[in-house]
Amino acid sequence: MSPPTGRVLTLLELLQSGGTRTVAELAGRLGVEGRTVRRYVRQLIDLDVPVESVRGRYGGYRLAPGYRLPPLMLGNDEALAVLLGLVAGRRAGLTATERTASETASAKIRRVLPKHIARRLDALLEDLAFTDQPGEFDTPDAEVLLTVADAVRHRRAVSIRYADREGRHSERTLHAYGIVAHGGRWYVTGEDARLGESRTFRLDRIAYVRALPDTFEAPKDFDPAEHVLSGFASAEYRHEVALRIHGTVGQIRAGLPAGVARLEAQAPTAGEDARTPRWLRVELRAERLDWLPPVLASLDRPFVIERPAELRYLVAAFADRLASYATESDRVANAHPRCATSG
């Protein structure tokens, strides 16, 4: 596509966004002079695109009201953001009607994409894993995400330039096993080829990625989402917590999900119902402990704190506060009975 034609299409995209655009604004966005903008407008009119001229101090150009726009023209980043949004929507408990609309919209977008982009997006969407119900997710750089997705699909090594949490940069050779969306961020997990160790990297911290000719074999039955979650649960923090909680796996996971705590769930004995509450060991690491007493109280299950001792004191103090609040509530109710019973 020649540069002038590309700028004509950019002009159409600007007008498609709605409202009246001044000649000066359009010229600035396109990097051309005002008379060139007018020439581009004439080209659109020749293509039967109804561009209207608006006179006056705030005049310029706009598309005629009610004009049915041509098929969407999406770049890599735009197509990626839309398709990922549709995938997240399908996982968010949509009704059957909404789910069908999401699927048909996704199919329409794929049909108008260039084949090479559509193939790369399909590779990403087929191999993408979510750890939970998706909410608002940051969309990383499209080229980084698509290149890593290609590497996952074709089992090809990639070279990445990565910045750690302190901002230090390093060059890595990565065997990428999977891409995971977790907690509003995107991660790639695999093996750091030079270290021979499993690693998880945030995609927004990858400044550069390049596909390499080397191939690799991924471990059998490797679960990228589970690996990311277990990594968060065992990360280095100030406190190591060990508990025993009497309940079912579902009851405990309601307050301590896999991304927070590791749960040793022993298989039920012969004849024992897996849904029957039993004592389960829970381990987690945390920078602070003050959030744990309310969580343990919300589980409403018997528990034993093995370590640290500080957590026992925090739980006792939390229980004392709740008891004092209840006592204060009784005192206020007795002093003001009419207020306590009013709606």
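Here is a short back-and-forth about how some labels in this predicted model are earned.

User: Let's start with Glu283. What makes it buried rather than exposed?
Analyst: Its relative accessible area is 18%, and buried means under 20%, so Glu283 counts as buried. Glu283 sits in strand β11, residues 278-286. Leaving out residues up to four places away in sequence, Glu283 touches Val241, Ala242, Ala261, Arg262, Glu264 and Arg307.

User: How do you know that Glu283 and Arg281 make a polar contact?
Analyst: Their side chains are joined at 3.1 Å, and the cut-off for a pair of N or O atoms is within 3.5 Å, so the pair qualifies.

User: What sheet does β11 belong to, and which strands are at the edges?
Analyst: It's an open sheet of four strands in the order β10-β11-β9-β12, with antiparallel pairing. The edge strands are β10 (261-264) and β12 (303-307), as each pairs on one side only. On average, neighbouring strands are turned by 25° against each other, direction ignored.

User: How do you know that β9 and β12 pair?
Analyst: Pairing takes at least two bridges, and β9 (residues 239-247) has four with β12, in the antiparallel sense; therefore they count as a pair. In one of these strands, β12, Phe303 is the bridge partner of Ile245. Helix α10 (residues 292-299) packs on the sheet, touching β9, β11 and β12, and its direction makes about 10° with that of β9.

User: Why is α2 called roughly perpendicular to α3?
Analyst: The axes of α2 (residues 23-30) and α3 (residues 34-46) come within 9 Å and cross at roughly 95°. The band for roughly perpendicular is 65 to 115 degrees, so α2 gets that label against α3.

User: Which residues meet there, and what kinds are they?
Analyst: From α2 come Val23, Leu26, Ala27 and Leu30, and they meet Gly34, Val37, Arg38 and Tyr40 in α3. The contact of α2 with α3 divides into six nonpolar residues, one polar and one charged.

User: Back to the loops. Why is Ala254 called exposed while Thr248 is called buried?
Analyst: Exposed means over 50% and buried means under 20%. Ala254 has a relative accessible area of 69%, so it is exposed. Thr248 has 14%, so it is buried. Ala254 lies in the loop between α9 (249-253) and β10, whereas Thr248 lies in the loop between β9 and α9. Thr248 touches Arg275, Thr276, Pro277 and Leu280, not counting residues up to four places away in sequence. As for Ala254, its C-alpha is 7.6 Å from that of Leu299, though the two are 45 residues apart in sequence.

User: What makes the phi values of Asp221 and Asp300 worth a look?
Analyst: Most residues other than glycine have a negative phi. Asp221 has a positive phi of about 60°, and Asp300 has a positive one near 55°. Asp221 lies in the loop between β8 (206-215) and α8 (224-233), and Asp300 in the loop between α10 and β12. At 80% relative accessibility, Asp221 is over the 50% cut-off and so counts as exposed. Asp300, at 64%, is therefore exposed too.

User: What kind of peptide bond joins Arg307 and Pro308, and how do you know?
Analyst: It's a cis bond, with omega about 0°. Most peptide bonds are trans. Pro308 lies in the loop between β12 and α11 (309-335).

How values were computed:
Residues are numbered from 1 along each chain as its sequence is written. This is a predicted model: local features need pLDDT of at least 70, side-chain atom pairs count only at pLDDT 80 or more; totals for chains, interfaces and linings use all residues. Side-chain values use heavy atoms; hydrogens and water are left out. Helices (H or I, at least four residues) and strands (E, at least two) are DSSP runs, numbered from the N terminus. Buried means under 20% relative accessible area, exposed over 50%, partly exposed in between (1.4 Å probe, protein chains only). A polar contact is a pair of N or O atoms within 3.5 Å; within protein, one must be able to donate a hydrogen and the other to accept it, and residues adjacent in sequence count only if both atoms are side-chain atoms. Contact means heavy atoms within 4.5 Å. Axes are lines fitted to C-alpha atoms, for helices over the stretch in contact, and angles run from 0 to 180 degrees between N-to-C directions. Angles under 35 degrees count as roughly parallel, over 145 as roughly antiparallel, 65 to 115 as roughly perpendicular and the rest as oblique. Ala, Val, Leu, Ile, Met, Phe, Trp, Tyr, Cys and Pro count as nonpolar, Asp, Glu, Lys and Arg as charged, and the others, Gly among them, as polar.
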